[in-house]
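Q: Can the terms used for a protein model be traced back to the values behind them? The turns below set each value against its definition.

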Amino acid sequence: MLGFLIQHQENIMMIMSSMCAVISIFVLFMKALPRKRREALLSVEVCAMIIMIADCFAYHFRGDPSALGFWIVRVSNFLVFFLNIGILYAFNAYLINLYEDSGNGFGLKRLKVVNFLGLAGAVMLIVSQFTGLYYTFDATNTYQRGPGFLICYLIPAVMLIIQVSVIIQNYKKLSPIISLSLILFSSLPLTASVFQAFLYGLSLINISIAAMALLLYVFALKDMNDSYAHANDLRIEYLTAEQQSMKRLFEQTAEALASAIDAKDKYTHGHSSRVASYSKMIAKMVGKDEKECDEIYFAALLHDIGKIGVPDEIINKNGKLTEEEYEKIKEHTTIGKDILSSIVEFPYISIGAHHHHERYDGRGYPDKLKGSDIPELARIIAVADAYDAMTSKRSYRDPLPQATVRQIIIEEMGAQFDPLFATQMIHMIDEDQEYYMREKEDVKEFGGNDEFTFDAFRAVHTEGILASPGRKMNIRLRVDPTEDHTERDCKPVLVLFDALDGRVHEPGKLSDELLYTEYVELGFDGTYKTGEARAIKPAVTSTKSNLSTSKCCGEYDIEALRYKDHVRITIKGEYNTVDYIVALPDSTRYCYISFTGADYHLNVVSLTHSEEEITDEVIPRIADLVSYIEGESGDVPNVQVDGYRTDATDGVLLKDTLGIDFHAKSLPTARLIWHCPFVCLFTSSNGKVTDEDYTEFALVRFDGEVWETGDAASNEVIISKNDKFDGWDQWKKINREGFDSHVSIKREGKTVTVITENGGIFLKSITRIKTDAEDVYVALTGDQCALTKIYFNTNE
């Protein structure tokens with residue numbers, strides 16, 4: 001290796017000198033570096049270039065006795081020694097500027113000593129030219145070391161040692177890449193100088209210095225690029241944060257403005273924000289991207305801004321509007337457009353305000369647009385706006401039952417609403433099993449009140465609070481006697497019931513229409529009155545043995561739990577604790593809790609819900625589970641689906657063809673056409689609908705509706721009604737009585753076709769899978785139905 005370096009060192013030095021020359025030009029244009037540092041780096045590169053050239057000339061002309069050789073050898077050797085000091089001097093200037101710019105660099109005084117040593121070394125070099133202290137030339141013009149040649153290495157070595165000490169002391173003040181380059185620049189030539197003292201004929205110091213000069217530029221360039229990248233990242237981060245801040249400001253301003261609009265009408269509190277949320281949900285379901293969903297959200301948030309220009313007395317009128325007043329109300333669409341059109345940065349906002357009352361059949365206002373002529377954004381808002389209007393309280397009515405709202409939307413498909421977006425709204429309703437999507441979400445429980453007075457027994461009832469499976473409800477409250485009554489007169493009572501509107505009703509036509517069912521009346525003292533509950537088991541424990549347990553006043557903590565068809569209510573008071581277990585008629589119906597009673601004042605301190613795993617160990621069973629799936633089973637266990645997709649069969653792998661035969665029957669509580677069986681197409685790791693990686697391709701409902709989930713698949717459905725179909729009432733009757741069903745499923749690559757005919761409805765669903773999933777599974781589920789005798793035939 002050493003022989004190779006000696007043999008080819010002239011070529012190596014010429015290559016390195018050329019590289020230093022090119023880099024010197026690059027340094028001239030490095031405007032990003034401070035001027036002094038750029039000048040220092042340029043000096044380093046120029047010195048390295050000249051050193052390499054001079055060293056080549058010195059080696060090439062040594063031993064040449066001619067006059068030209070005489071001068072070239074002497075000048076070249078002088079330049080090599082002189083510029084070795086010069087390059088360290090320039091590097092020292094580079095260090096000083098670097099540390100001064102970084103702030104509070106340590107050891108800068110030592111670097112000034114390096115400058116002094118450099119000047120001293122240059123003077124001694126000049127003196128040696130006349131004394132032969134460092135080197136001489138013999139008669140053949142060949143370089144010979146002088147008696148003090150070690151001194152010429154010692155001074156640069158001391159300069160390097162001082163520089164290394166400063167660099168190490170300030171290592172963490174600079175970026176790692178720059179500190180590393182400084183260490184290498186100082187330490188490598190220092191190491192080379194040790195070997196140079198013993199290896200005559202090899203320019204180790206000069207080559208190492210030139211190499212480090214090149215690396216110094218490379219590292220400086222990389223650090224500069226990293227700094228630029230970091231600065232650019234900070235700029236992007238700042239701009240992103242600024243953009244997010246502006247978006248939040250816009251959103252807060254829009255929400256504040258929407259709240260101000262809603263405040264004009266005492267019956268539309270939170271209307272705009274709910275419509276915006278529903279609209280965004282619909283947009284997401286039809287595949288809109290995040291930007292489009294946000295645009296639809298903000299347009300919906302400000303869709304009623306034109307009501308600013310409508311007189312309050314018209315907006316808040318309790319009775320029916322006159323024709324003139326109705327025309328005035330209709331002007332809010334035009335007023336809204338005029339207000340929002342001035343926001344040129346967001347032109348889409350005015351579209352929602354202007355066209356959200358257009359009808360799909362062309363009978364809307366203000367422009368009587370029809371079908372796809374209505375902007376898509378407005379067609380989405382129209383569905384969301386109508387849904388919230390129907391599910392919100394008005395001066396002349398309470399919120400409509402969700403089933404009624406669903407039926408109205410179905411009836412208005414193609415008339416008032418775009419069928420595509422109305423279908424998505426129906427899907428949202430079907431998934432909202434506990435009717436959270438309504439005005440009640442935006443106020444507290446109990447209709448927004450926390451204080452109630454009960455005089456005559458059961459003359460007043462609070463709104464019902466839903467006791468949901470898998471959720472623990474805790475209520476903290478205080479009971480005090482009303483005026484002219486004592487603590488022993490207080491008769492607080494809980495009513496457990498079900499109704500479409502979540503309210504207690506007296507017997508009559510309205511309660512029948514709302515399917516009101518009262519399960520039980522529970523007293524705080526352990527007494528109860530049975531309604532439709534199958535069984536009640538109370539347990540009373542005295543808290544204060546020296547006081548009568550007949551007192552029902554003071555502070556109470558109430559806990560409500562539900563597991564399938566059993567509910568557990570624990571009422572813990574100052575005088576006693578009452579623990580009720582109630583067996584409901586079945587697992588399908590809802591269970592609401594309402595406060596009522598007589599001669600007491602109720603103050604609700606807090607009400608909280610928490611997710612909790614509830615089993616029959618938490619609520620001991622006091623009555624057998626109501627089952628409609630006893631008897632013969634098929635290839636898989638029978639399934640009772642008490643609510644929307646609350647249970648399902650395990651998936652069966654679909655290879656080519658699959659036939660499914662089973663018996664289906666609606667549960668006694670089923671009342672709607674979609675209370676029927678569903679066929680689910682999906683993929684997951686274990687073929688179960690409960691798997692974490694579950695991805696659904698299609699949900700084929702026997703009433704003719706087919707849902708697709710996200711971007712995993714697209715679905716085409718063909719529905720026809722044959723002579724066997726005798727209306728939806730007959731369809732529901734067939735489901736109640738039970739029927740045998742056959743489903744044919746065929747897979748061809750990524751296309752799955754499902755065919756079935758039930759009750760005169762022929763249904764063909766074609767699902768095109770868009771993912772790379774290899775395994776496709778089929779499962780049966782539904783809503784309020786019993787599925788029995790399930791057989792799978794893979795040879796169909």
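A: Two strands count as paired if DSSP finds at least two bridges between them. The model discussed here is predicted.

Q: What makes strand 5 and strand 10 a pair, and in which sense do they run?
A: Strand 5 (residues 471–481) and strand 10 (residues 554–563) share 7 bridges, and the definition asks for at least two, so they count as paired. Their sense is antiparallel. One of the bridges joins isoleucine 475 to isoleucine 558 in strand 10.

Q: How do you know that strand 10 also pairs with strand 11?
A: Strand 10 is joined to strand 11 (residues 566–572) by 7 bridges, and the two run antiparallel. At least two bridges are needed, so this is a pair as well. Alanine 560 has isoleucine 569 in strand 11 as its bridge partner.

Q: How many residues lie between strand 10 and strand 11 in their hairpin?
A: There are 2 residues between them, and lysine 564 in the turn has a positive phi of about 55 degrees.

Q: Why are strand 4 and strand 8 said to stand at the edges of their sheet?
A: The sheet is open, has 5 strands in the order 4-13-6-7-8, and its pairing is antiparallel. Strand 4 (465–466) and strand 8 (528–530) each have a single partner strand, so each has one side without a neighbour in the sheet. Within this sheet, strand 6 (residues 491–498) and strand 13 (residues 592–598) pair in the antiparallel sense over 7 bridges. Proline 492 stands opposite glycine 597 in strand 13.

Q: How do you know that the length of helix 4 agrees with its number of residues?
A: Helix 4 (residues 108–131) has 24 residues, which should span 34 Å at 1.5 Å a residue. The C-alpha atoms at its ends are 35 Å apart, so the two values agree. Its buried residues include Leu111, Val114, Leu125 and Ser128. Glycine 132, just after helix 4, takes a positive phi of about 70 degrees.

Q: What span is expected for helix 2, and what does the model give?
A: The 27 residues of helix 2 (residues 35–61) are expected to span 39 Å; the distance from first to last C-alpha is 38 Å, close to that value. Just after helix 2, glycine 63 has a positive phi of about 80 degrees.

Q: Why is helix 8 called roughly perpendicular, parallel or antiparallel to helix 16?
A: The axes of helix 8 (residues 271–285) and helix 16 (residues 419–431) cross at roughly 110 degrees and come within 10 Å. Angles of 65 to 115 degrees count as roughly perpendicular, so helix 8 is roughly perpendicular to helix 16. The residues in contact include Tyr278 and Met281 of helix 8, and Phe421 and Met425 of helix 16.

Q: Why is there no bond between the sulfurs of cysteine 490 and cysteine 553?
A: A disulfide needs two cysteine sulfur atoms within 2.5 Å. The closest cysteine sulfur to that of cysteine 490 is in cysteine 553, at 5.4 Å, which is too far for a bond. The structure as a whole holds 0 disulfides.

Q: What decides whether cysteine 490 and cysteine 680 are buried or exposed?
A: Buried means under 20% relative accessible area. Cysteine 490 has 3% relative accessibility and therefore counts as buried. Cysteine 680, at 1%, counts as buried too. Across the protein, buried residues make up 49% of the 796 residues.

Note on methods:
Residues are numbered from 1 along each chain as its sequence is written. This is a predicted model: local features need pLDDT of at least 70, side-chain atom pairs count only at pLDDT 80 or more; totals for chains, interfaces and linings use all residues. Side-chain values use heavy atoms; hydrogens and water are left out. Buried means under 20% relative accessible area, exposed over 50%, partly exposed in between (1.4 Å probe, protein chains only). Helices (H or I, at least four residues) and strands (E, at least two) are DSSP runs, numbered from the N terminus. The expected span of a helix is 1.5 Å times one less than its number of residues. Axes are lines fitted to C-alpha atoms, for helices over the stretch in contact, and angles run from 0 to 180 degrees between N-to-C directions. Angles under 35 degrees count as roughly parallel, over 145 as roughly antiparallel, 65 to 115 as roughly perpendicular and the rest as oblique. Contact means heavy atoms within 4.5 Å.
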